[in-house]
Amino acid sequence: MSGFLVFLVCFLAFLSPLDCKEKGLVPDGDLLVLTVATQETDGFRRFLRSAKHFNYTVKVLGRGETWEGGDYMSPPGGGQKVRLLKSALEEIQEENRVILFVDSYDVVFSSGPKELLKKFQQAKHRVVFSAETLIWPDRHLEDKHPHVREGKRFLGSGGFIGYAPNLKKMLSEWSGADSDSDQLFFTKIYINAEKRKSLNITLDNKCRLFQNLHGALDEVVLKFEDGRVRARNLIYDTLPVIIHGNGPTKLQINYLGNYIPNLWTFETGCTFCKEDPRPLSGLQKTEFPVVVIGIFIQQPTPFVSAFFERLFNLKYPKNRLKLFIYNKEYHHDRHVRSFLESHESEYQAVKLISPEEEIDPVAARNIAFDTCRDDIDCEFFFSIDVDVVIKNEDTLGILIELNKPFVAPMLTKPGRLWTNFWGALSADGFYARSEDYVDIVQGQRVGLWNVPYVSHIFLVKADALRTDLKEPDLFESATLDPDMAFCSKLRNKGIFMFVTNMDTFGRVLSTDNYQTNHLHNDLWQIFENPVEWEERYIHPNYSKIMKEDFVEMPCPDVYWFPILTELACDHFVEEMENFGQWSGGGNADTRIQGGYENVPTIDIHMNQVGYEKEWHKLLLDYIAPITEKMFPGYYTRAQFDLAFVVRYKPDEQPSLRPHHDASTFTINIALNRVGTDFQGGGCRFLRYNCSITSPRKGWAFMHPGRLTHYHEGLPVTEGVRYIAVSFVDP
């Protein structure tokens with residue numbers, strides 16, 4: 001461009017030709033990033049990762065020092081940073097050296113040095129400070145700040161950039177204590193017009209270089225574009241280079257830091273999830289890290305026996321595991337004892353706190369942590385509440401290999417958006433839904449997520465328990481529940497709570513309405529925990545019925561198929577025997593309408609044990625689909641007047657005379673095994689002269705009840721036979 005054209009363009013823009021003089025960009029090599037970090041926290045590691053991503057040259061000040069500069073929750077501080085910066089600048093002699101000074105624990109880079117330096121030059125000042133919406137720490141100084149036509153007018157000390165000589169001159173006035181306010185020091189310089197002019201200071205009013213989040217949360221969104229992710233300021237339509245979670249916005253910088261810089265994009269997915277792993281493959285069993293597993297039973301919970309089965313099945317050397325079991329509930333004492341009787345010797349050590357010791361849950365969790373802290377061999381503490389269903393046997397190994405101070409697997413509840421983590425917190429510290437929560441829960445975004453709250457299950461490094469988390473009051477709070485208090489302490493310590501959904505791990509049971517007044521209370525969980533109930537009680541081959549030709553027909557229109565597991569059969573039998581109120585087998589029966597039974601059996605009705613609603617759901621969910629498949633055009637509501645368990649014994653009632661059933665169709669489920677539990681028995685359909693003498697345990701006969709299938713119960717010659725019978729659609 002000719003000199004005349006340059007002059008003409010500038011004249012038309014009401015600028016001087018001097019201002020428009022073309023200048024070369026500051027070389028990237030002239031930029032040095034200075035920051036202060038006395039501890040290597042998760043936030044500091046995040047800062048360094050983002051700096052490395054863009055090839056920033058970083059020098060860290062204050063390593064090894066004790067921090068005396070306060071924190072964002074305390075009265076103003078930060079003077080220690082100024083002292084360290086002043087000392088570091090004294091060693092820098094280059095006149096053209098550009099210094100970027102930023103905090104580190106709550107800062108991430110969103111772009112590289114080239115863009116930063118270009119925007120710095122475009123500011124046309126020698127020193128540029130970040131700007132804020134809110135004035136802090138002295139509101140009385142508000143009127144002394146220069147007014148701006150557009151943008152933020154208050155100085156933020158958490159980030160500034162400038163030429164070394166100007167910064168040296170600015171800091172030459174510092175003589176304060178480490179606990180004095182750095183913000184107030186820089187603010188007083190800025191509001192002094194003479195000093196502001198002398199040092200050539202301005203503010204980044206429109207967040208082109210720096211984005212402070214405090215007071216600006218509604219302004220900032222994530223911008224995904226062309227395989228990159230950045231923060232965008234909606235008010236000024238700018239893309240800040242540096243994002244600072246100043247003040248009480250640590251949760252927001254954690255949220256943005258899950259993505260920036262390019263940690264997760266729609267194109268690449270998670271780019272840092274496998275960073276710095278601790279691989280276990282190839283290790284000898286004796287080389288695996290020692291883990292203390294803390295198991296907490298704090299309330300009556302379904303499927304506790306199944307929990308211990310899954311615990312035992314974890315793929316991890318048991319001689320490298322130490323168990324800490326806290327059981328508050330007498331109801332579950334038999335489940336714990338049964339597990340320990342079978343498997344205690346296989347673990348390196350076991351400590352049990354039983355109900356009679358009357359130790360409260362908070363104290364128990366502290367004791368559990370101490371069990372790991374005080375054990376020189378312990379490298380990890382794995383905390384699991386007993387309502388957790390671990391379906392992935394590799395869960396513990398997966399979490400260890402992620403090599404994070406604190407990490408948890410994502411767990412869900414079937415059919416709901418509930419998980420064991422919160423994506424955000426409300427203003428009063430309770431649950432709030434983050435923008436990405438649903439995508440994470442539904443697996444649309446897969447990765448490793450820094451979140452403000454987790455519960456039920458987590459893995460924490462023993463080193464963290466011995467240092468940052470060594471206080472005995474981690475679960476205590478005057479206003480928060482223990483789990484929320486614990487997470488609050490972790491956040492305040494700067495320990496990131498990571499949740500991974502890179503694998504499917506399991507779910508959490510519902511403990512609502514769990515009653516303990518039966519022998520096998522889990523049988524009643526078909527409504528509250530249907531998935532777990534099905535896995536426990538529905539035959540593993542049941543699913544083949546609808547997909548394959550898995551239904552047998554041993555007699556005309558008699559369909560034979562698997563329905564219940566052996567465990568379910570045992571539980572039904574034991575439940576009925578525990579109830580014990582078997583009918584006398586006579587015709588008079590006050591349990592039924594009319595009080596007369598034409599073909600009586602010795603039985604217990606489902607409604608006698610409070611199981612009629614649950615049995616109806618079993619029929620509706622698992623029998624009705626088969627009925628509609630086997631009898632095309634017939635749709636059942638699975639209604640029944642009678643559903644009962646029958647007991648046949650040679651010296652009691654060995655058989656049943658020929659009869660029709662008062663039903664459209666009948667379900668007959670064998671609850672124990674011929675040849676083992678009893679001899680003889682079976683069913684004969686007289687019209688077809690067809691007998692079934694070897695009923696399979698857990699399998700059901702389904703046959704028409706009226707008119708065509710006149711049948712009898714064959715004699716039991718030895719032992720006891722149990723069957724569950726339902727007269728459906730009477």
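**Strand β40 and its neighbours, and the packing of helix α9**

In this predicted model, strand β40 (residues 721-728) is largely enclosed by the rest of the structure, because 8 of its 8 residues are buried. The burial applies to both sides of the strand: Arg721, Ile723, Val725 and Phe727 point one way from β40, Tyr722, Ala724, Ser726 and Val728 point the other way, and all of them are buried. Such a pattern is familiar from regular strands, in which the side chains alternate between the two faces of the sheet.

Which strands pair with β40? Strand β31 (residues 640-648) pairs with β40 in the antiparallel sense, over 8 bridges, and strand β33 (residues 665-670) also pairs with β40 in the antiparallel sense, over 6 bridges. Ala724 is a handy landmark here. This residue of β40 has Val645 standing opposite it, and Ile669 stands opposite Ala724 as well. One place along in the pairing of β33, Asn668 has Val725 of β40 as its bridge partner.

Strand β33 deserves a closer look in its own right. Like β40, β33 is mostly covered, with 6 of its 6 residues buried. Phe665, Ile667 and Ile669 point one way from β33, while Thr666, Asn668 and Ala670 point the other way, and every one of these residues is buried. Besides pairing with β40, β33 is joined by 5 bridges to strand β37 (residues 699-704), and these two strands run antiparallel. Ile669 takes part here too, with Ala700 as its bridge partner in β37.

Turning to the helices, a pair of packed helices is described by the angle between their axes and the distance between the axes. For helix α9 (residues 304-312) and helix α10 (residues 333-343), the axes come within 9 Å and cross at roughly 30 degrees. This makes α9 roughly parallel to α10, as angles under 35 degrees count as roughly parallel. The crossing in which α9 passes α10 is right-handed. On the α9 side, the contact is made by Val304, Ser305, Phe308, Leu311 and Phe312, and on the α10 side by His335, Val336, Phe339 and His343. The contact residues divide into 6 nonpolar and 3 polar, with no charged residue among them.

What covers the buried residues of α9? The cover includes α10 together with the strands β14 (290-297), β15 (321-327), β17 (378-385) and β18 (388-390), and the helix α16 (530-537). The buried residues of α9 are Val304, Ala306, Phe307, Phe308, Arg310 and Leu311. Of these, Val304, Phe308 and Leu311 also appear in the contact with α10.

How values were computed. Residues are numbered from 1 along each chain as its sequence is written. This is a predicted model: local features need pLDDT of at least 70, side-chain atom pairs count only at pLDDT 80 or more; totals for chains, interfaces and linings use all residues. Side-chain values use heavy atoms; hydrogens and water are left out. Axes are lines fitted to C-alpha atoms, for helices over the stretch in contact, and angles run from 0 to 180 degrees between N-to-C directions. Helices (H or I, at least four residues) and strands (E, at least two) are DSSP runs, numbered from the N terminus. Angles under 35 degrees count as roughly parallel, over 145 as roughly antiparallel, 65 to 115 as roughly perpendicular and the rest as oblique. A crossing is left-handed if the near helix is turned anticlockwise from the far one by less than a right angle, and right-handed if clockwise. Contact means heavy atoms within 4.5 Å. Ala, Val, Leu, Ile, Met, Phe, Trp, Tyr, Cys and Pro count as nonpolar, Asp, Glu, Lys and Arg as charged, and the others, Gly among them, as polar. Buried means under 20% relative accessible area, exposed over 50%, partly exposed in between (1.4 Å probe, protein chains only). Two strands pair if DSSP finds at least two bridges between them.
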